[in-house]
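Me: I should like a close look at a single part of the structure below, set out as one connected account.

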Amino acid sequence: MLKGIPTILSPELLMVLDEMGHTDELVIADGNFPGSTMCDYVIRADGLGVPEVLDAILTVFPLDTYPNSKGEEDAPCTLMALEPGDVGKVATPIWDEYKKIVAKYDERGEKAFKEINKWKFYDQTKERAKVVIQTTETAIYANIILRKGVVI
């Protein structure tokens, strides 16, 4: 046992978080996300929801604060945007939870977020995610990508 480490962070997940470097990305996925199709490394978090996993990870995981390779500000938290047919029909209150959780750890709060469409989200996961943490979250559009920053 370690002091101050949330108990839902398994030894395997702590190892992966520690091994990740600046700009590496991870996905915290809901129960519908095709994790094993998108990434070779999937850690199961059965019985857990995305908000509690997000909160636990952010106790030890810094979010990126640096500009991207083009010198542009680039939000370190990426959400899967609603599909056009769902706009106006599907609510995403879980996103408000995410923004409150991130605000506890990052002064940018809501400004730390951006949205990309589902297919770009999948492509980014395939290309850049070091790990997918597969929860059993039942809320839809509950997937989030986090980009790691540096500890100063």
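Which residues do ring pairs link into a cluster?

Reply: In this predicted model, ring pairs join Phe-33, Trp-119, Phe-121 and Tyr-122 into a cluster. The structure holds three aromatic pairs. Between Phe-33 and Phe-121 the ring centres are 6.1 Å apart and the planes stand at 80°, so this pair is edge-to-face. Phe-33 belongs to the loop between E1 and helix H2 (35-38), whereas Phe-121 belongs to helix H5 (residues 118-128); the pair therefore ties together parts that are 88 residues apart in sequence. Both Phe-33 and Phe-121 are buried.

The rings of Trp-119 and Tyr-122 have centres 5.5 Å apart and planes at 85°, so this pair is likewise edge-to-face. Trp-119 and Tyr-122 are both in helix H5, three residues apart, which is about one turn of the helix. Their surroundings may be stated separately: Trp-119 is exposed, with a relative accessible area of 51%, while Tyr-122 is buried, at 15%.

Strand E1 (residues 25-29), which borders the loop of Phe-33, is mostly covered, with five of its five residues buried. Glu-25, Val-27 and Ala-29 are buried on one side of E1, and Leu-26 and Ile-28 on the other. Five bridges join E1 to strand E5 (residues 129-135) in parallel, and the bridge partner of Ala-29 in E5 is Gln-134. Four bridges join E1 to strand E6 (residues 144-147), which runs antiparallel to E1; here Val-27 stands opposite Ile-145.

How values were computed:
Residues numbered from 1 in each chain as written. Predicted model: local features only at pLDDT ≥ 70, side-chain atom pairs only at ≥ 80, totals over all residues. Heavy atoms only, no water. Buried < 20%, exposed > 50% of the residue type's maximum accessible area, 1.4 Å probe, protein only. Helix = DSSP H or I, 4+ residues; strand = E, 2+ residues; numbered from the N terminus. Pairing = 2+ DSSP bridges. Phe/Tyr/Trp six-rings, centres within 6.5 Å; stacked < 30°, edge-to-face > 60°.
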